Amino acid sequence: MTRPAARALQRKLLSWYAASKRDLPWRGARDPYAIWLSETMLQQTRVETVIPYYQRFLRELPTVRELAEATEERVLSLWSGLGYYRRARMLHAAARRVVREHGGRLPASVDDLRRLEGVGAYTAGAVSSIAFGRRAAVVDGNVARVLARLFAIEEDVKSARGSARVWALAGDLLPDGEGQAGDWNQALMDLGATVCVPREPRCERCPVEALCTGRARGLAAGLPRMVRKKAPRPVRRVAIVLASRTSVLLARRRAGALFGGLWEPPGTDGPLEALAASLGLDVGALERRGELVHVLSHRRMQVEVVRGGLGRRRSWPLPGPEYDAVEAVPVSRLARGAHSALTRKILALAGVPGGP
DNA sequence: AACGCGGGGAA
DNA sequence: TTCCCAGCGTT
């Protein structure tokens, strides 16, 4: 793209953004921590989903320092239901690093930001440009799609991370103006989210339609070419809900794996008998409650739910290698606990009162 | 380069 | 059903 054409593109899109930008809670936030938090929550997660989580998290842990000093349990609890829980662990670790190595202030450069846990190329560029006004590019799913269409890039855009060509393009297109990179990046992303959408782009509403090569060639709607994702692998599990009127037995999943650090009713991919035996239970004392299906990006989990009484036992053995802690939790505390959406479904199916 | 890692909204 | 979302870290 020629220099004048790039200028025209920047002018039109920035002007469109000034008039049409979405009103989002983190827009205009002064605090880099707030921007960082929003960008982390927004990784592979829709804006509408993030908003209530963002507001609650920022209300409960309003500064990097308070996040750094919070327990992991608390952080996971605030993340509970949002998914990709490793993000919460890494955000927590990075906050401690920011306090330890940067005096509690987030670094401004892409290179320094990238050294923080959970901050990759996209997030570093976003925080650097939006929170600090640095001239840094971003490529997320929106930007990759918008640029692929604008420049009729027909090669595969590998995942949301984008190809090297798209990153180079995004860098070239950054405005020179002081502090404009943040608005420019957000303008590209807003355009992708509201106009240049995946299925049926609303080209008639696009401020840069006249500059769009993909549009001119009739390719826009078919770009970018994405590699088809594999179907989730089916997994059968069984979960045992041991509950009294006031408590339910939960176990904590080991870190680093699926649902790491979250609490759930003991479950297994193996036979129910083995799981029951590991808890010292007689299978005959368990009542079948039904089955549910929970679909993740890489797993289709079909979970059979059985229920039994909690009894008077005070301590419980670990119900298998997936877990590193086990505890009878008061149902009154469930709503504030660190659980996945799957756990909520299991507790609901088991009929646990006051489930999260 | 491919995979593991959640959950949900929209067509 | 299918797609894909303000991605990152590991292998």
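**Reading a two-domain protein on DNA**

Biologist: What area do domain 1 and domain 2 bury between them, and what share of it lies on carbon and sulfur atoms?

Modeller: In this predicted model, about 790 Å² is buried between domain 1 and domain 2, with 45% of that area on carbon and sulfur atoms. The figure is read together with the polar pairs that cross the interface: the rule finds five residue pairs in polar contact there, both partners having pLDDT 80 or more, whereas the count of salt bridges between domain 1 and domain 2 is zero.

Biologist: Which element gives the most to the side of domain 1 that touches domain 2?

Modeller: That element is helix α5, residues 72-79, which gives three residues. By class, the side of domain 1 that touches domain 2 holds three nonpolar, three polar and two charged residues.

Biologist: Where do the two domains begin and end along chain A, and how many residues does each bring to the contact?

Modeller: Domain 1 runs over 3-222 and domain 2 over 233-350 of chain A, and their centres, taken over C-alpha atoms, are 37 Å apart. Domain 1 brings eight residues to the contact, while domain 2 brings 15 residues.

Biologist: What does the model show in the loop that comes before β1, where P224 has its place?

Modeller: P224 sits in the loop between α12 (213-216) and β1 (233-243), and the peptide bond that leads from L223 to P224 is cis, with omega near -5°. A backbone angle can be read in a similar way elsewhere: A152, in the loop between α9 and α10 (164-173), has a positive phi of about 50° although A152 is not a glycine.

Biologist: Turning to the DNA, which residues come nearest to strand B, and what part of its contacting atoms is sugar and phosphate?

Modeller: There are 20 residues around DNA strand B, and those that come nearest are R46, Y85, R86, H294 and A341. Sugar and phosphate make up 50% of the strand B atoms that come within 4 Å of the protein. The individual polar pairs then show which part of the strand is approached: the side chain of T45 has an N or O atom 2.8 Å from a base nitrogen, the side chain of H298 has one 2.8 Å from a phosphate oxygen, and A341 uses a backbone N or O atom, 2.7 Å from a phosphate oxygen of strand B. The surface near DNA strand B is made of eight nonpolar, eight polar and four charged residues.

Biologist: How many residues surround DNA strand C, and how do they divide by class?

Modeller: Strand C is surrounded by 31 residues, of which E39, G118, T123, D140 and R228 are the closest. They divide into eleven nonpolar, seven polar and 13 charged. Of the strand C atoms within 4 Å of the protein, 55% belong to sugar or phosphate, and the rest belong to bases.

Biologist: Which atoms of strand C do R86, G120 and N142 approach?

Modeller: R86 places a polar side-chain atom 2.9 Å from a base oxygen of DNA strand C. G120 lies 2.9 Å from a phosphate oxygen through a backbone N or O atom, and N142 brings a polar side-chain atom to 2.9 Å from a sugar or linking oxygen. Helices α6 (86-102), α8 (121-131), α9 (141-150) and α11 (181-194) are the elements that give two or more residues to the surface near strand C.

Biologist: What does A131 touch, leaving aside residues up to four places away in sequence?

Modeller: A131, which lies in helix α8, touches P32, I35 and A126. For a sense of distance, A131 and L219 are 88 residues apart in sequence and 35 Å apart in space, C-alpha to C-alpha.

Biologist: How many salt bridges does the rule count, and why does the pair of E60 and R74 tie parts of the chain together?

Modeller: The general idea is that side chains of opposite charge can pair when their charged atoms come close. Here the count comes to 25 salt bridges, and one of these joins E60 to R74, with the closest N and O atoms 2.8 Å apart. Because E60 lies in helix α3 (residues 47-60) and R74 in helix α5, the pair ties together parts that are 14 residues apart in sequence.

Note on methods: Residues are numbered from 1 along each chain as its sequence is written. Chains are lettered from A and ligands numbered from 1 in the order in which they are written. This is a predicted model: local features need pLDDT of at least 70, side-chain atom pairs count only at pLDDT 80 or more; totals for chains, interfaces and linings use all residues. Side-chain values use heavy atoms; hydrogens and water are left out. A residue is near a molecule or strand if one of its heavy atoms lies within 4 Å of it. A polar contact is a pair of N or O atoms within 3.5 Å; within protein, one must be able to donate a hydrogen and the other to accept it, and residues adjacent in sequence count only if both atoms are side-chain atoms. Ala, Val, Leu, Ile, Met, Phe, Trp, Tyr, Cys and Pro count as nonpolar, Asp, Glu, Lys and Arg as charged, and the others, Gly among them, as polar. Domain bounds come from an automatic or database domain assignment. Contact means heavy atoms within 4.5 Å. Buried area is the accessible area (1.4 Å probe) that two parts lose on being put together, summed over both. A salt bridge is a side-chain nitrogen of Lys or Arg within 4 Å of a carboxyl oxygen of Asp or Glu. Helices (H or I, at least four residues) and strands (E, at least two) are DSSP runs, numbered from the N terminus.
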